[in-house]
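Me: Hi! I have just opened this structure and would like a friendly walk through it. Could you take my questions one by one?

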Amino acid sequence: MNPVLDKHRVKTVVRPEMRFQEQVYLIEVWKGLLITSRHFFVNLWRHCMKALGQDAAAASVTTQYPEDPQVTAHRSRTRHRLLKREDGTPRCVACMLCETVCPAKCIYIKAEESPDVMIEKRAKTFKIDLGMCVFCGYCVEACPEDAIRMDTQYIQFPGSTRADLIWDMPELMGDRPKIPSLTPSKDPLSRP
Amino acid sequence: MAKLVKFNLDGREIEAPEGQLVIEAAKDVGIEVPHYCYHPGLGNPGVCRLCVCEVEGAPKPQMSCRTAVREGMKVRTDSPVARRAQAASLEFHLANHPLDCPVCDQAGECHLQDYYQGYGLYKSSVREDKRHKQKRKDIGRAVMLDQERCIQCTRCVRFTDEVSKTHELGVFGRGDRSVLDVYPGMRLDNPYSGNVVDICPVGALTDKDFRFSVRAWYLDKTPSLCTGCARVCSIEVHTNTRRPWHTDGRRVARYKPRYNTEVNRWWICDEGRYSYKSADSPTRLKASSTLGADGHAVQVAPADAAARLGSELGRHISERGADGFAFILSGTLSCEDLFAAKQLISRLGVPASNIVLAPAPEQLGEQDDILRRAEKVPNLYGATALGFDVSRSLDRLKAPLWGAWVVDREAPAAFKGLPFTVWQGPNAVRFTSEARWVLAASHTVEEKATYANFQGRLQRANRAVESLGESQPDWAWFGAVLRAMGGDFPHQCAGSVFKAMSAAEPAFHGLSFDLPAEGAPLVAAEEAVR
C-alpha cells in the first residue's frame with residue numbers, strides 16, 4: 001500500500017455501466033443534437049428580440065465591442081497607476097512587496113539607490129505585464145507606500161503583440177501614453 | 001568535560017554541563033530564547049536585556065546569557081513574567097528604530113521582525129518622536145552603516161575587537177543619543193569586514209555589494225564550500241534563479257558563512273565572500289571548442305568533443321610516446337576530479353614526472369592567522385592523499401614536450417607552440433584562446449564535490465545551480481575521454497565516483513559521500529601511504 005495515500009481517506013469512484021440505450025449510440029447522438037438545436041433557437045430568438053429593441057431577455061447575446069461600450073462592474077479593477085509624491089518623484093520605494101504577492105508574477109521591478117538619503121531606495125525600472133495580470137488587486141493592498149492603485153472600468157489597453165501589453169514606469173505613472181505598435185510583429189508571442 | 005547537572009527548563013528535566021549558559025543549554029534542547037547581543041563567538045556582555053527568563057528563587061527575571069546552569073535550578077523562559085519582560089525589552093529596542101522595513105535590505109531575515117512576531121505583539125506605549133540619526137553612512141569598502149536602525153547590541157564592535165582585532169568600530173555618546181560609528185580617521189577596511197553584516201541582527205550594517213539587489217526571501221540557500229583558499233570554509237550559497245532580473249541574470253547572489261566548529265566557525269573572509277562573482281562572470285565558458293583548420297575556435301558538443309579529443313590524443317601518443325605529454329593540474333580540482341584524472345593518466349601512461357600540481361603564481365596570496373591561507377586553491381591536501389606530488393613545479397618539467405593538458409590555470413608561454421594542447425576549466429584565462437581543445441568545466445557552485453582542506457578535513461560542496469550551458473564537471477571530462485580511449489569509467493554522478501574512490505584509495509577508506517555538515521577528517525596522507 002502507498003503510505004502517503006493511507007494517511008488520507010480515499011474515495012473510489014465507480015463508473016456507471018453503460019445501458020442499452022447508450023450502447024446503441026445513435027439515440028444519444030440525437031439527444032445531444034436536440035440540446036444543441038434548442039440552444040441555437042433560443043439564442044436566435046433572443047438575438048431577434050434584441051435587434052427589435054427588446055433588451056429584457058438577457059442572455060448570451062454578443063456585445064458588439066467596440067461599437068457598443070462594454071459594461072463592467074462599478075468597482076471593477078483594471079489598469080494600474082503608479083502614484084507620485086508632491087515633488088513629482090514616484091512614491092514607489094522598490095520594496096518588492098507587490099512583486100512578491102503577485103500571484104501571476106507579472107510585476108518586474110529593479111531597485112537602485114535614491115539620490116535623496118531620506119528615501120534611500122527607489123525603482124529603477126517598474127514593469128507590469130498586463131497580458132499576464134489577473135487583476136486581483138493584491139499589489140494595491142500590499143503596497144506600504146500607497147504607490148500603486150488600479151483604475152476602474154478603463155479597459156482599453158489594446159496591443160498587437162505581447163510586448164505591447166507590458167507597461168513601463170512612465171506609462172504607469174501617466175507621463176507617457178502607451179502607444180501600441182500598429183504593425184504586428186512576425187512573432188506576436190515573443191516577449192522582450 | 002565539566003560535570004553534568006540536572007535542572008528544570010520550562011518544565012523539562014534536562015542535563016547540561018555545570019556552568020554552561022542557560023541560553024546555550026536551552027538552544028541544545030531546541031528552546032530558542034530571543035537575544036541580540038549574545039553571540040556564541042563574541043561573548044555575552046548582557047547589553048540587550050532581551051534574553052530574560054524567570055529563575056525560581058531569584059527576585060527579578062534573570063538574563064539567560066549571563067546565568068550559568070547549576071544543579072536543581074528551575075528556569076522558565078515562557079512564563080508570563082519572562083514573556084512580559086522580553087516584550088518590554090523589545091519595546092525599548094523598537095522605541096527609536098525607524099521601521100523602514102520596505103527599503104531595508106535586512107527585511108525578511110531581521111531579528112527585530114522575527115522577535116516582534118514571536119515575542120512582542122504589544123501596542124507601543126511610546127508617544128514621543130523617534131530620534132533621527134545619520135542614514136546611509138559609508139564606513140568601509142564593503143559595509144554601509146545606518147545609525148538609526150542600530151540597536152547598540154555591540155556585536156560588530158566586539159567582532160572588530162576580538163576576531164579581526166582591528167578595532168575600527170565603537171559606540172559613541174550616551175542614552176538614546178548613542179550611535180555606532182567608526183573611530184575618527186578610520187574606515188572599516190579589514191579583510192573580514194563583511195562578517196559584521198552577518199552578525200548584525202538588524203539592518204544597521206548592510207552589504208554594499210548586495211545592497212538593494214535581491215530581497216532576502218527570493219533567495220534559495222544551498223550549504224556548500226568556499227574554494228577560495230586551502231581553508232575551505234563552510235558557506236551557504238544564496239542563489240536567485242526564479243527572478244533573474246534582480247541580479248541582471250547572475251544566478252549566485254551572495255555567499256554567507258555557515259557555522260562549522262572545525263574550520264571557520266561563524267566567519268569567512270571578504271576575499272571568499274565576494275568570490276561568488278566568478279560563477280556568472282563573463283569569462284565563464286559555456287561550450288567546448290576546438291581550433292578549426294583556419295585557426296578559429298569551432299564549438300563542439302560535449303559527447304563529440306570527448307570522442308574526438310580521445311581519438312586525437314590516442315593517435316598522438318602512439319606516434320610520439322606518452323613521455324612528451326604533461327598534465328598541468330590545479331588544486332582547484334575536487335577529490336573526484338583528481339581521482340578521475342589519475343585513472344586517465346595511468347591509462348595514457350604519462351610518467352609521474354610530467355604531472356604538475358603545485359599552485360601557480362596566480363594561485364598564491366595573503367595568509368593570516370584567522371582564516372586565510374596563502375594557497376588560494378582548496379584541495380592540495382586531497383591531491384596529496386590521492387598520491388599526487390604537489391611540490392613539483394612547472395619549471396621542473398622534463399622537456400621536450402609535444403602536448404599538455406592544462407586545468408584551470410595559466411600555462412607558460414612556451415606551451416603556446418605545442419602541437420596538442422587541452423585547456424579545461426570554468427573561467428577562461430589568457431592561455432585558453434591558445435589551446436587546441438577547450439573543455440568547459442562546471443563551477444564549484446554547480447557540482448557536488450568533496451575537498452580536503454589544509455587540515456585534512458574532507459567536506460562536501462553541493463550543487464546550488466545547474467551547470468552553465470554545456471559545461472560539465474571536470475571528472476566527467478576526464479571520464480568521458482577515458483571512455484573514448486577504451487578505458488573503463490562507468491560513473492554517471494559524483495557520488496558514484498566517490499564510492500569507487502573510497503574503495504580504491506586508502507586515505508578515503510570508510511568515508512561516505514553523505515559527509516556530516518562539519519565534514520570528516522581524512523585519514524592522514526602519510527598514514528595512508530604506510
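Reply: Gladly! One definition helps first: two strands count as paired if DSSP finds at least two bridges between them. Please keep in mind that this is a predicted model.

Me: In what order do the seven strands of the open sheet in chain B run?
Reply: Pairing links seven strands of chain B into an open sheet. The pairing in this sheet is mixed. Read across the sheet, the order is 15-14-20-19-18-16-17.

Me: Which strands of chain B stand at the edges, and why is one side of each left without a neighbour in the sheet?
Reply: A strand at the edge has a single partner strand, so one side of it is left without a neighbour in the sheet. In chain B this applies to the strands at residues 297–300 and 355–356. They are strand 15 and strand 17.

Me: What is the bridge partner of Ile328(B) in strand 18 of chain B?
Reply: Strand 16 (residues 325–328) of chain B pairs with strand 18 (residues 403–407) of chain B. The two run in the parallel sense, over four bridges. For Ile328(B), the bridge partner in strand 18 of chain B is Val406(B).

Me: Are helix 8 and helix 10 of chain B roughly parallel or roughly antiparallel?
Reply: Helix 8 (residues 335–348) of chain B packs against helix 10 (residues 474–484) of chain B with the axes 8 Å apart, at an angle of about 20°. Angles under 35 degrees count as roughly parallel. That angle therefore makes helix 8 of chain B and helix 10 of chain B roughly parallel.

Me: How many residues of the contact of helix 8 with helix 10 of chain B are nonpolar?
Reply: Helix 8 of chain B brings residues including Ala340(B), Leu344(B) and Arg347(B), while helix 10 of chain B brings, among them, Trp475(B) and Phe478(B). Two residues of this contact are polar and four are charged. The nonpolar ones number seven.

Me: How far apart do the centres of domain 1 and domain 2 of chain B lie?
Reply: Chain B is divided into domain 1 (4–95) and domain 2 (288–529). Taken over C-alpha atoms, their centres are separated by 51 Å.

Me: Which strand of chain A gives the most to the side that touches chain B?
Reply: The contact between the chains takes nine residues from chain B and 14 residues from chain A. On the side of chain A, seven are nonpolar, one is polar and six are charged. Giving the most, with five residues, is the strand at residues 107–113 of chain A, strand 2.

Methods
Residues numbered from 1 in each chain as written. Chains lettered and ligands numbered in written order. Predicted model: local features only at pLDDT ≥ 70, side-chain atom pairs only at ≥ 80, totals over all residues. Contact = placed C-beta atoms within 7 Å. Nonpolar A, V, L, I, M, F, W, Y, C, P; charged D, E, K, R; others polar. Domains from an automatic or database assignment. Axes fitted to C-alpha atoms, helices over the stretch in contact; angles between N-to-C directions. Parallel < 35°, antiparallel > 145°, perpendicular 65-115°, else oblique.
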